[in-house]
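Visitor: Please take me slowly through one part of this model, the sheet and whatever packs against it. I would like to know how its pieces are arranged.

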Amino acid sequence: MRNIMITLGEYIIKNQADYPSATGELSSLLSSIRRAAKIVNREINRAGLVTDIIGGSNGSENVQGEVQQKLDVFANDMFKNALEARGEVCGIASEEEDHYVAFDDERQSNAKYIVLMDPLDGSSNIDVNVSVGTIFSIYRRVSEPGQPVTMDDFLQPGVNQVAAGYVVYGSSTMLVYTTGNGVHGFTYDPTLGSFCLSHENIRIPEQGYIYSINEGNYIRFPEGVKKYLKFCQEKDESSKRPYSSRYIGSLVSDFHRNMLKGGIYIYPSGTNSPNGKLRLLYECNPLAFMAEQAGGKATDGFRRIMEIKPTELHQRTPYFVGSIDMVNKADEMMAEFS
Ligand code: AHG
Ligand code: MN
Ligand code: MN
Ligand code: MN
């Protein structure tokens, strides 16, 4: 019998029924992310046609010192406005905002949640029509309800996340999320204007045969990473090596492929970047939550990503994420050779 199409909205409500304690606020929050994702998706699909509006660089730099693409700023504003429009979120932090943004409308001062996001991941790929993404991470506030949010609300370890997800704007657009009960993927059907359930309870294969890393930085890698890459490239039929190398240059796209097929993504420290490039709070933690929920693993080469106690909003961390057997092997080599 043909699968009955379940939309993301229906799925959230159905799952909501399984948790009587949930008051529907998280469901409503996820719905505002869903709506913003549809708008950003529409603009990404037109990027080549409206370069004056959303193509190319914005001419400004973000706090990371990166040149902002117009679509970085557009996506940031779309998600920020969508989250501010309802009453569930009391503040957000974003790759594209220097500081966290407190929503000071009195409706929000009693709101329960804060959201951290990378509104557009892989933005250097926009003008060459390669997949990009959005990443989000949701926590309960820890500060007093009714009071403005504080930095402590945003500097929580990843283990405190109540939900996380990403949108991958690829050959099809998918929204994939977890609320701590497995990872579920929804594919956007433009003819319906809905995200429809396509990948329920995603499990990442324990062993994969794909490694994903920017090998252009090889000479700067720690010895343990160099040794792991040589391990991946050795011929060993019994363990199906050499593995395949795949690097899209969009974290969300490389991560999503590994979630479905198995594999490891590594962005290590370098002699010129002691903490690597990726940001702990709105890239590494949300994807780590999803990897673990799907049976995978995420470390900095030595410790579990989600147990790192953040000290700064935009702090970076070396990142090893994907199939648990592959991350364990890479960590083993980091311990042995670093
Ligand atoms: P963002 O576009 O949000 O700044 O993130 C870019 C990240 C990530 O998406 C990607 O995997 C990585 O940067 C690519 O970095 P390199 O170009 O240094 O390989
Ligand atoms: Mn960026
Ligand atoms: Mn990013
Ligand atoms: Mn980004």
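Guide: What follows goes from the strands to the helices beside them. This is a predicted model, in which local features need pLDDT of at least 70 and side-chain atom pairs count only at pLDDT 80 or more, while totals for chains, interfaces and linings use all residues. Residues are numbered from 1 along each chain as written, chains are lettered from A and ligands numbered from 1 in written order, and side-chain values use heavy atoms, without hydrogens and water.

Eight strands (DSSP runs of E, at least two residues, numbered from the N terminus) make up an open sheet with mixed pairing, and their order is β4-β3-β5-β6-β7-β8-β9-β10. Because β4 and β10, the latter spanning 194-199, stand at the edges with a single partner strand each, one side of each has no neighbour in the sheet. Within this order, β6 (residues 132-140) and β7 (residues 163-169) pair (at least two DSSP bridges between them) in the antiparallel sense, over seven bridges, and Ile135 has Tyr166 of β7 as its bridge partner.

Helices (DSSP runs of H or I, at least four residues) accompany these strands. Helix α9, residues 280-293, packs on the sheet, where it touches (heavy atoms within 4.5 Å) β3, β5, β6, β7, β8 and β9, and its direction makes about 80° with that of β6. Helix α8, residues 251-261, lies across β5 (113-121), β6, β7, β8 (173-178), β9 (183-189) and β10, and runs at about 105° to β7. Such angles, from 0 to 180 degrees, are taken between N-to-C directions of lines fitted to C-alpha atoms, for helices over the stretch in contact.
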